Amino acid sequence: MNSNALESNIDAHLGQPKMDLQRIFAQERFPNVVVTLKGTVIATWGTENYIVRRSEDGGTTWGPEIAVGPGMHGGGVTVDEGSGDILVFMHPEHPPKEGLYAARTMFRSTDDGKTWQKEEAHFTEDARGNIPSLHFHEHGITLRRGPHAGRLLRPARVYIPQGGYNTAIFSDDHGKTWQTSEPFPLDGTGEGCVAQMQDGRIYYSSRKHWFEEDEPYRYERLSGWSDDGGNTWSQLKFNDGIPDGPQYRGDERRESCYNGHFGMAAGLVRLPVVDRDILIYSNADEVEHQRDHMTVWASFDAGQTWPVKRLVYEGPSAYSSLNVGRPGTPSEGWIYLQFEERQGGGQMARFNLSWLLDGIMTNDGSLPDWLDD
């Protein structure tokens with residue numbers, strides 16, 4: 001796989017600022033957005049019936065809803081950049097209940113998202129003896145660099161008392177079998193996102209929704225790294241520049257990690273720019289118990305700092321997903337943000353990097369000089 005063919009220079013993401021917003025789903029929730037090798041934008045959705053919509057013109061217009069099957073969107077939608085296939089994952093209901101963890105369903109599309117076929121897939125246990133749930137996460141990726149180039153990798157999680165923990169699953173045979181990574185080295189985590197940097201390392205952005213009684217609350221987003229293709233995770237850090245979503249304050253506690261306000265599922269994508277590690281992150285920029293003010297942030301140093309942000313949608317808004325267009329297609333230069341309206345229904349925003357750069361400086365780092373070159 002030639003990773004350079006999948007990337008372009010920074011100019012494709014700059015120019016005149018542009019942004020638009022469309023409501024593309026009614027009712028239900030759980031977004032993932034991906035862009036196929038042909039540049040087709042595929043928005044996925046559903047808590048009871050998994051559905052998708054396609055755009056072949058970069059997100060200007062959208063085709064009708066396509067039914068995948070009954071069940072809850074499991075997140076982790078993955079474009080196999082080796083074959084062009086798209087994989088989606090499904091659970092029977094939300095929230096997952098004990099005894100249903102084995103009910104993992106995978107569907108594959110071999111025709112750019114027009115039709116979907118159910119497929120059997122095998123998942124292994126992790127080092128703690130658990131098979132992860134495929135319950136909602138951000139989209140998966142195909143690794144483009146290093147000894148594991150071509151590997152499919154998507155975030156996953158394990159539900160146990162005390163909040164559970166993040167993990168990841170990866171496949172080296174185009175999704176037929178999935179190995180489970182070592183557990184994320186901190187419990188109370190879930191609903192993660194992954195992105196691969198130009199040096200081959202993998203960045204894992206995680207929600208932290210549960211805290212030990214003597215553990216201080218953190219309101220920043222948690223991250224970790226893998227140097228071995230997504231098999232192990234280390235170097236955990238709370239990122240001062242980006243929030244983990246709305247949180248309870250002070251001594252307020254929740255006995256359950258479900259349906260609460262300890263963080264929120266977020267979106268993450270690396271822009272396909274040659275020799276640059278530009279990350280875009282999305283979440284609610286509101287910490288006082290409410291899920292609203294959907295906002296995007298940009299990092300230009302592989303997630304070390306997040307110097308600029310811009311508000312996308314001021315109203316009630318929750319889970320989100322981010323992806324980016326493909327070079328040489330109508331989607332090139334666009335960043336896609338699919339997110340939930342809190343009352344039900346889904347929006348799709350598309351914008352370029354120039355539009356985000358016209359946002360607010362966060363005082364977490366600075367914009368790089370090469371943006372002005």
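Here are two short exercises on a predicted model, each with a worked solution.

Ground rules: residues count from 1 along each chain as its sequence is written. Since we're on a prediction, local features need pLDDT of at least 70 and side-chain atom pairs pLDDT 80 or more, while totals for chains, interfaces and linings use all residues, and side-chain values use heavy atoms, leaving out hydrogens and water.

**Exercise 1.** Work out which strands sit at the edges of the sheet E16-E17-E18-E19.

*Solution.*
- Strands are DSSP runs of E, at least two residues, numbered from the N terminus; two of them pair if DSSP finds at least two bridges between them.
- Four strands line up as E16-E17-E18-E19 in an open, antiparallel sheet.
- E16 (189-196) and E19 (234-243) each pair on one side only, so those are the edges.
- Inside, E17 (residues 202-208) and E18 (residues 220-226) share five bridges; Tyr204 has Gly224 in E18 as its bridge partner.

**Exercise 2.** Find where Glu341 and Arg23 sit, and say whether each is buried or partly exposed.

*Solution.*
- A salt bridge puts a side-chain nitrogen of Lys or Arg within 4 Å of a carboxyl oxygen of Asp or Glu.
- Glu341 and Arg23 form one, with their closest N and O atoms 2.5 Å apart.
- Glu341 is in strand E24 (residues 335-341) and Arg23 in strand E1, 318 residues apart.
- Now the cut-offs: buried is under 20% relative accessible area, exposed over 50%, partly exposed in between (1.4 Å probe, protein chains only).
- Glu341, at 12%, is buried, whereas Arg23, at 46%, is partly exposed.
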